[in-house]
Structures are given as C-alpha cells and as structure tokens.
Amino acid sequence: MTPSPPAESMSDADLRAFVAGLLGQAPTKAASLFGLQARWIETPIGPMLAVAGDDGLHLLEFAERRGLPRELERLQARRGAISFGDNDVLAQTAREIDGYFAGTLMAFSVSSAQAGSAFERSVWAALQAVPSGEIHTYKSLAHSLGRPEAIRAVARANGTNQLAIIVPCHRIIGSDGAMVGYGGKIWRKQWLLDHERRHAD
C-alpha cells in the first residue's frame, strides 16, 4: 500500500523521516552491487531526493512533491530495493545541482536512466533543448515535436518527468502565460525561472 503523501505543513525533519520509511536505511550488499541508491541534496529552495544506479540518474525530485511516494514505489517495483548510500552518479548529480544553484552551471552532463515511452522520451529531450532563461508553452513544445495536435499528451509527458531541473519541465508554461503544472509547487517554478533569467548569460 502506498503511504499517504507528505502533508503541506510537514517539517523538513518529518519529510526526511517519511521518505526514509519508504526506503532502506542503509545499503545492503545486494543493493550496492545491483540496486539503486538514494541521497539528499540540499538546495536553497528545499531538499531534493536523488536516486541513481551505475546506469544513470533515475529520479531527482523535491521532497515535497506529492507524487513522490508513488514514483518511488514504481521505481522499486521495476528495479528492486532502493537504499540510502552514494555512488558516482549521485556524487556528480550533487555537484551539478550545487553548480546550478550557485549560478555557475546551467547545462547538465549527468546521465539519465529514467524510464518512459518513446513519446515521453521525445518530450523530455525537447525539454532539455529549451535554453536556460527561456520559457516555452505546451503548444510550442508540441509543434517542435511535429505533433501540434498533441498538446495534452505533451503536458502529460511533461508531468511524468522525474528529473526535476535536469530535465527542465519548469520552463514550460500555459499558453496564457500561467504558471501551471509543476509538482514541485508553483512558487518553486517561478523561483527557478527567475534564477535562470538572472544567470542566462
């Protein structure tokens, strides 16, 4: 049974305890060899949870994302146990995220291993092509894929992205300019866009 998502008023310590309850407390020998490992990454706008294996980064989400328990459950069902630990991919992710928030890095090189359909992967690739400091709409993203009729499908694929910031779904807004569709909370979406505009050059 999937645990209830974190409450809006949950403290940082409670959020961490909630996520720890979903995952193993320490890496087992099997997890170290074959499984996925997780670590926290501290940011100015709240902690992020990163999950990775030797094949790349599977998940990077703000701890408050309401869909996080379901994402972790699906990932565990597909790949087995996830335990707290570290590996080279997680270390690289932390360095790059630190650089992003410092304003010294706006393009990421950490390898992605998030699973999705061919269409979802095409949307995520299109998201990564949106330059830092720019915003696009779901409609313009659909047009860039040669699928102008697929605006809702593009929006759904945008919402299934599990690599926050690295696959920059926050750069997509509504056709009317509304800040919509961000699981990490709308205020963070605005913060990230403002941050990228300041450091776009």
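Contact, as the word is used in these exercises, means that heavy atoms lie within 4.5 Å of each other. The model under study is a predicted one.

**Exercise 1. Which elements do the buried residues of H8 pack against, and on which side of the helix do these residues lie?**

Solution. Begin with the helix itself, H8, which comprises residues 186–198. At 1.5 Å a residue its 13 residues should span 18 Å, and the end C-alpha atoms are 19 Å apart, which agrees. Next, list the buried positions of H8, which are Arg188, Lys189, Leu192, Leu193, His195 and Glu196. These residues cover an arc of only 160° around the axis, which puts them on the same side of H8. Finally, ask what they meet: the buried residues of H8 pack against S3, helix H4 (88–102), H6 and S6.

**Exercise 2. Describe how the buried and exposed residues of H7 are arranged, and name elements that cover the buried ones.**

Solution. In helix H7, residues 151–160, the buried residues are Val154, Ala157 and Asn158. The arc that they cover around the axis is only 105°, which puts them on the same side of H7. The face turned away from this buried side carries the exposed residues Arg152 and Arg156. The cover over the buried residues of H7 includes helix H5 (118–128), helix H6 (138–144) and strand S6 (172–173).

**Exercise 3. Work out the order of the strands in the four-stranded open sheet and how its members are joined.**

Solution. Take the pairs one by one, recalling that strands of a sheet pair through backbone hydrogen bonds, either parallel or antiparallel. Strand S1 (residues 36–41) pairs with S2 in the antiparallel sense over five bridges, and one partnership between them is that of Ile41 with Met48. The hairpin of S1 and S2 has six residues between the strands, and within this hairpin Gly46 takes a positive phi near 120°. On to the following pair: S2 and strand S3 (residues 56–62) are antiparallel over six bridges, and the hairpin that joins them runs through two residues. Among the bridge partners here, Leu49 is matched with Glu61 and Val51 with Leu59. Putting the sheet together gives the order S3-S2-S1-S4, with mixed pairing. Its edge strands are S3 and strand S4 (82–84), each of which pairs on one side only. Neighbouring strands of this sheet are turned by 25° against each other on average, when direction is ignored. Helix H3 (residues 68–79) lies across S1, S2, S3 and S4, and runs at about 165° to S3.

**Exercise 4. Is strand S2 largely enclosed or largely open to its surroundings, and what does Ala50 show about this?**

Solution. First, recall that in a regular strand the side chains alternate between the two faces of the sheet. In S2, Met48, Ala50 and Ala52 point one way while Leu49, Val51 and Gly53 point the other way, and all are buried. Since six of the six residues of S2 (48–53) are thus buried, the strand is largely enclosed by the rest of the structure. The partner strand S3 is mostly covered too, with seven of its seven residues buried.

Now look at one residue. Ala50 lies in S2, and with a cut-off for burial of under 20% relative accessible area, its 0% relative accessibility makes Ala50 count as buried. Apart from neighbours within four places in sequence, the contacts of Ala50 are Gln37, Ala38, Arg39, Ile41, Leu57, Leu59, Leu60 and Leu90. Gln37 is 13 residues away from Ala50 along the chain, and their C-alpha atoms are separated by 8.3 Å.

**Exercise 5. Which residues touch the most other members of the largest nonpolar core, and which element supplies the largest share of this core?**

Solution. As background, in soluble globular proteins nonpolar side chains tend to be buried together. In this model the largest nonpolar core has 36 residues, of which Leu57, Leu60, Ile97, Leu127, Ile165 and Ile166 touch the most other members. Each of S2, S3, H4, H5, H6 and H7 supplies at least two residues of this core, while the largest share, six residues, comes from H4. A second, separate core has 14 residues, including Trp40, Leu68, Leu75 and Phe84. To return to one member of the largest core, Leu127 touches Leu141, Asn158, Val167, Pro168, Cys169 and Ile172, when residues up to four places away in sequence are not counted.

Terms used. Residues numbered from 1 in each chain as written. Predicted model: local features only at pLDDT ≥ 70, side-chain atom pairs only at ≥ 80, totals over all residues. Heavy atoms only, no water. Buried < 20%, exposed > 50% of the residue type's maximum accessible area, 1.4 Å probe, protein only. Pairing = 2+ DSSP bridges. Axes fitted to C-alpha atoms, helices over the stretch in contact; angles between N-to-C directions. Arc of directions from axis to C-beta. Expected span 1.5 Å × (residues − 1). Core = buried A, V, L, I, M, F, W, Y, C linked by side-chain atoms within 4.5 Å.
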